[in-house]
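Colleague: I'd like to learn how you read a model like this one. Could we go through it together, feature by feature?

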Amino acid sequence: MGSQVHTHVYDPSCPKRPKAQVQAVLVRAERHCEEQNLRLTPIRRRVLEELGRERQPMSAYLLADRLSQGRTVAPVAVYRALEFLVSAGLARRIASKSAYVICEHGPASGTALLLICKGCGVVDEMLCEGLDRVLNRATAQVDFATHRPLIELEGECASCTSRYGAPDCVS
Ligand SMILES: [Zn+2]
């Protein structure tokens, strides 16, 4: 396809994102919300932070569970926060799993491929510019405007393929 591919190199033995990366996600989100006049309320921020810790998609219920320490956080509140994060371009909803991941490439990114590993459950996001052009050409023929297109691909990640992936990891 001759496309320019951007993807991440991460430590496949650790499904958790390092703290510094989670912090970077939050800083980027704060800046984006400020620029766009969006409110990153405490619950929205907490949901984004929790989501950012994992490389595996999380459901609203799981997130509500994680956030309910000391004080119960209702799943409906988490849903609303997730809806905001998705519309703000800070998170992505994985339709096939009814679960969410952070948007790794930021709100301005084009067509994203979500690589969903059936072995370890890790989701990696990659951008594919060549694919952008192909999709735009195809959808333009029927006057269809896509918004933040997302393609879910199921398969096996490199570490599961080579069997060196150790899913247990201390965060
Ligand atoms: Zn895997």
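Modeller: Sure, we'll go from the overall layout to the helices, the strands and then a few single residues. Keep in mind that this is a predicted model.

Colleague: Let's begin with the layout. How many helices and strands does the protein chain have, and in which pattern do they follow along the sequence?

Modeller: List the elements, then read them in sequence order. The protein chain has six helices and six strands, and the pattern along the sequence is β-α-α-α-α-β-β-β-β-α-β-α.

Colleague: What share of the protein chain is buried?

Modeller: Burial comes from counting neighbours around each residue, with 20 or more other C-beta atoms within 10 Å as the cut-off for buried. Here 26% of the 171 residues count as buried. As for contacts between residues at least 6 apart in sequence, 60% of them join residues at least 24 apart.

Colleague: On to the helices. At what angle do α3 and α4 cross?

Modeller: For a helix pair, look at axis distance, then angle, then handedness. The axes of α3 (residues 60-67) and α4 (residues 75-87) come within 9 Å and cross at roughly 115 degrees. Angles of 65 to 115 degrees count as roughly perpendicular, so α3 and α4 are roughly perpendicular to each other. Their crossing is right-handed.

Colleague: Which residues of α3 and α4 meet there?

Modeller: From α3 you have Ala-60, Tyr-61, Leu-63, Ala-64 and Leu-67, and they meet Pro-75, Val-78, Tyr-79 and Leu-82 of α4. By class, this contact has nine nonpolar residues, no polar and no charged ones.

Colleague: And how do α2 and α3 pack?

Modeller: Go through the same steps. The axes of α2 (residues 42-53) and α3 are 10 Å apart, at an angle of about 105 degrees, and that makes α2 roughly perpendicular to α3. On the α2 side, Arg-46, Val-47, Glu-50 and Leu-51 meet Leu-63, Arg-66 and Leu-67 of α3. The class split for this contact is four nonpolar, no polar and three charged residues. Notice that Leu-63 and Leu-67 belong to the contact with α2 and also to the contact with α4.

Colleague: Now the strands. What are the partners of β4, and in which sense does each pair run?

Modeller: Take each neighbour in turn and check direction and bridges. β4 (residues 112-117) runs antiparallel to β5 (residues 123-128), and five bridges join the two. With β6, β4 pairs in the parallel sense over six bridges. To fix the register by eye, find Leu-114, whose bridge partner in β5 is Glu-125. Then find Leu-113, whose bridge partner in β6 is Ile-151.

Colleague: How many residues separate β4 from β5 in their hairpin?

Modeller: Five residues lie between them, and in the turn Gly-121 has a positive phi of about 85 degrees. β2 (91-94) and β3 (99-102) also form a hairpin, with four residues between them. β2 and β3 are antiparallel, with four bridges, and Arg-93 stands opposite Tyr-100 in β3.

Colleague: Which residues cover the faces of β3?

Modeller: Sort a strand's residues by side and check each one. In β3, Ala-99 and Val-101 on one side and Tyr-100 and Ile-102 on the other are all buried. In β6 (residues 150-155), by contrast, the count of buried residues among its six is zero.

Colleague: What should I make of the backbone at Ser-98 and Asn-37?

Modeller: Most residues other than glycine have a negative phi. Ser-98 has a positive phi near 45 degrees, and Ser-98 sits in the loop between β2 and β3. Asn-37 has a positive phi near 60 degrees, in the loop between α1 (19-35) and α2. Ser-98 is exposed, with 11 other C-beta atoms within 10 Å, and Asn-37 is exposed too, with 6.

Colleague: Last one: how far apart are Gly-106 and Val-25 in sequence and in space?

Modeller: Compare the two separations. Gly-106 and Val-25 are 81 residues apart in sequence and 8.7 Å apart in space, C-alpha to C-alpha. Gly-106 is in the loop between β3 and β4, and is partly exposed, with 14 other C-beta atoms within 10 Å. You can practise on Leu-127 in β5, which is 22 residues from His-105 in sequence and 8.0 Å from His-105 in space, C-alpha to C-alpha.

Conventions. Residues numbered from 1 in each chain as written. Predicted model: local features only at pLDDT ≥ 70, side-chain atom pairs only at ≥ 80, totals over all residues. Buried ≥ 20, exposed ≤ 12 C-beta atoms within 10 Å, placed from the backbone. Contact = placed C-beta atoms within 7 Å. Axes fitted to C-alpha atoms, helices over the stretch in contact; angles between N-to-C directions. Parallel < 35°, antiparallel > 145°, perpendicular 65-115°, else oblique. Left-handed = near helix turned anticlockwise from the far one by under 90°. Nonpolar A, V, L, I, M, F, W, Y, C, P; charged D, E, K, R; others polar. Pairing = 2+ DSSP bridges.
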